[in-house]
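This report covers salt bridges, one pocket and one helix residue. The sequence and structure come first.

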Amino acid sequence: MKRILTMALMALLAGGACAQHGNCGNCPNHAKHRGHHAQQRSTELQYNADGIELTLVRAFPTVKSVNKTDKWTEAYDANKKLLGYAVYSKPASDGIRGYAGETPVLVALTPKKVIAGVYLLPNLETPRYVKSVADAGFFNHWNGLTVKKALKKEVDAVSGATMTSTSVAKSVRAALEKL
């Protein structure tokens, strides 16, 4: 009997039990979008067929190769032209939490080391708060700034997503302080 219960529990967990609602019978979206909670709800980095991390590909769509250094990851196109640099906040941002989890980021820099974008890495943060932060244009606050100016910049939290936006700002700072 114990073995049957254990197997039933394993099947339930493998079959899409929803961490937010338990056995997803309570989740109105689950029937329509099986696995919807898996969207951005993992902390595992994903890679393309070339072995390049997908958030880096979002930052540099034409990237074909990378070179990792102690400070950053250099992104190159197919002709070996430098597209820019990517700075990951982890592990410096470990422990910086928003409402439901850590908010690690990738900061993309141009070849002249000007910030081109801030990208949220896979995380366990509450999706509606992340959407509020993104909709408010929060990730663009640092665009066009040098690292030195970005480190001095004070940004206001997003109302209704204060913990998430504050956490993102701290993660950006943690990434930039590595440089």
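The text below takes up the salt bridges, then a pocket, then a single residue.

The model is predicted: local features need pLDDT of at least 70, side-chain atom pairs count only at pLDDT 80 or more, and totals for chains, interfaces and linings use all residues. Residues are numbered from 1 along each chain as its sequence is written, and side-chain values use heavy atoms, with hydrogens and water left out.

**Salt bridges**

The structure holds four salt bridges, a salt bridge being a side-chain nitrogen of Lys or Arg within 4 Å of a carboxyl oxygen of Asp or Glu. The table lists pairs among them.

| Pair | N to O distance |
|---|---|
| Lys90 and Asp94 | 2.3 Å |
| Lys90 and Glu102 | 3.2 Å |
| Arg173 and Glu177 | 3.8 Å |

Accessibility is classed by relative accessible area: buried is under 20%, exposed over 50% and partly exposed in between (1.4 Å probe, protein chains only). Lys90 is partly exposed at 36%, as are Asp94 at 42% and Glu102 at 27%. Lys90 forms a salt bridge with Glu102. Both residues lie in the loop between β3 (82-88) and β4 (105-109), so this pair ties together parts that are twelve residues apart in sequence. Helices (H or I, at least four residues) and strands (E, at least two) are DSSP runs, numbered from the N terminus.

Glu177 and Arg173 are four residues apart in helix α5, about one helical turn. Glu177 is exposed, with a relative accessible area of 52%, whereas Arg173 is partly exposed at 31%. Through shared salt-bridge partners, Lys90, Asp94 and Glu102 form one network.

**The second largest pocket**

The second largest pocket encloses about 310 Å³ of space. Its lining has 21 residues, of which Thr43, Leu45, Tyr88, Lys90 and Leu121 are the closest to the centre. A pocket here is an open set of points on a 1 Å grid over the protein atoms alone, where a 1.4 Å probe fits, with protein on both sides within 12 Å along at least five of seven lines; lining residues have an atom within 4 Å of a point. Grid points are joined across faces, edges and corners, and the volume is the space filled by probe spheres set on them.

By class, the lining holds eleven nonpolar, five polar and five charged residues. Ala, Val, Leu, Ile, Met, Phe, Trp, Tyr, Cys and Pro count as nonpolar, Asp, Glu, Lys and Arg as charged, and the others, Gly among them, as polar.

**Thr164**

Thr164 lies in helix α5, residues 162-177, and is buried at 3% relative accessible area. Leaving out residues up to four places away in sequence, Thr164 touches Gly98, Tyr99, Thr103, Glu125, Tyr129, Val130 and Val133, where contact means heavy atoms within 4.5 Å.
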